[in-house]
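Student: I've got a model open and I'd like to talk through a few spots in it. Can you help?

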Amino acid sequence: MRFRLSEFCALTIGYIFLIPGATCFKPGVNPVKRYIITSRGSNVTLVCLGSSVNPLDSLPEWKLNGRKIKNSARVRAIEQWFPDARGNFSLHITNVSEKDVGIYTCAVSVATFEKTVAAEGFIKLKLYSSLRWPRGTYALPMAVTGCPKLRRIIWSEGYLRQNTEDTSPLNNWSRPMHLKGLKKNNEITQHFCVKNKRAGHRDWPKGKYCIYKKGKCPIGFSEGWIKWDDEDTKNSNLASGERPDGTYREDTLLYFCCRSDGSADTPIELPMRLPFFLLKHASKCQAVMGMRVIEEWLFWDCEDKENKNRWSGELPESLLAKDIKLFFCYYFQM
């Protein structure tokens, strides 16, 4: 059996060396976190993991917004090398400020006998203060931790209690449940965080998700509504405080604002100091930079007799029939 030289790589003392003409050698760079949000004055470390690299002929380097970074008293690159042609490349930044914000490139180039082969990974660094809730008036489901308060944004609060079918009641909800509000077999209470002032940092980013309507839907969203036929006999519905646009009587009607102009897999930027909810509008929850997400749901057992549930327009992910099931997305910091 014969081997062509162009298909042969040699492994020596834990390192891979390329024989002239070889094609099986290619370095890799994988950021541990692709999105990092921190506070002004903090210390942060960016980390990338390298594969098919070694200290003899691999050259790591860091760039900020395309410009090469040099070590200083405040910014320092550190390299660690491991067996099996692996490496750990980190960049430690102390006293983070606005000038450190941007897109970092962790790159590694490997010299071969014929040419240099390179690989890159990208990490986005932002400050908490640069992230504010988008402009427009709207409402969000309230988490058990309360509204996601930030400087310059004041949320108004309210709640809705729906008395659902009393005969053999079958209300249900996901576990664990992070939506604030008492839930019983024949009663579901929701709390809301309402933004009544249009001012904000910018428009909502493109994606696939929904919020509650309060006033005019923000730019990029389309309107929809759902009507719940709540319990007809001795109905005990109750609504108080600020709530989304809707009708709150013996039956309940809520308006939504939904958008589907981007991919749910492409992370959007939203404030992340405290947990918050969006409403699901695709087969999966919208990705948010720096946040983990859990899908949750509520199921309303609506009036059994002469049921009058109705709906129209662009709506959250749901099961709509004689009973109603809505899907929510709970975001919390990684």
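Tutor: Sure, and keep in mind as we go through some strands, rings and one loop residue that this is a predicted model.

Student: Which strands stand at the edges of the open sheet β3-β5-β9-β8?

Tutor: The four strands of this sheet pair in the antiparallel sense, in the order you gave. An edge strand has a single partner, so one of its sides is left without a neighbour in the sheet. That points to β3 (28-31) and β8 (75-82).

Student: And what is the bridge partner of Leu49 in β9?

Tutor: Look at β5 (residues 44-51) and β9 (residues 86-93), which pair over eight bridges. In β9, the partner of Leu49 is Asn88.

Student: Are the rings of Tyr138 and Trp204 stacked or edge-to-face?

Tutor: Their centres are 5.0 Å apart, and their planes stand at 75 degrees. Planes over 60 degrees apart fall in one class, so this pair is edge-to-face.

Student: How many residues apart in sequence are the parts that this pair ties together?

Tutor: Tyr138 lies in strand β12 (residues 138-141). Trp204 sits in the loop between β16 (187-195) and β17 (208-213), so the separation is 66 residues.

Student: Is Asn237 buried or exposed?

Tutor: Asn237 is in the loop between β18 (222-228) and β19 (238-241). Its relative accessibility is 17%, and the cut-off is under 20%, so Asn237 counts as buried.

Student: Which residue's backbone nitrogen does the Asn237 side chain reach?

Tutor: Asn237 touches several residues, including Arg161, Gln162 and Asp230. The backbone nitrogen its side chain reaches, at 2.5 Å, belongs to Asn163.

Conventions:
Residues numbered from 1 in each chain as written. Predicted model: local features only at pLDDT ≥ 70, side-chain atom pairs only at ≥ 80, totals over all residues. Heavy atoms only, no water. Helix = DSSP H or I, 4+ residues; strand = E, 2+ residues; numbered from the N terminus. Buried < 20%, exposed > 50% of the residue type's maximum accessible area, 1.4 Å probe, protein only. Polar contact = N/O pair within 3.5 Å; in protein donor to acceptor, adjacent residues only side chain to side chain. Contact = heavy atoms within 4.5 Å. Pairing = 2+ DSSP bridges. Phe/Tyr/Trp six-rings, centres within 6.5 Å; stacked < 30°, edge-to-face > 60°. Lists of a residue's contacts leave out its neighbours within four places in sequence.
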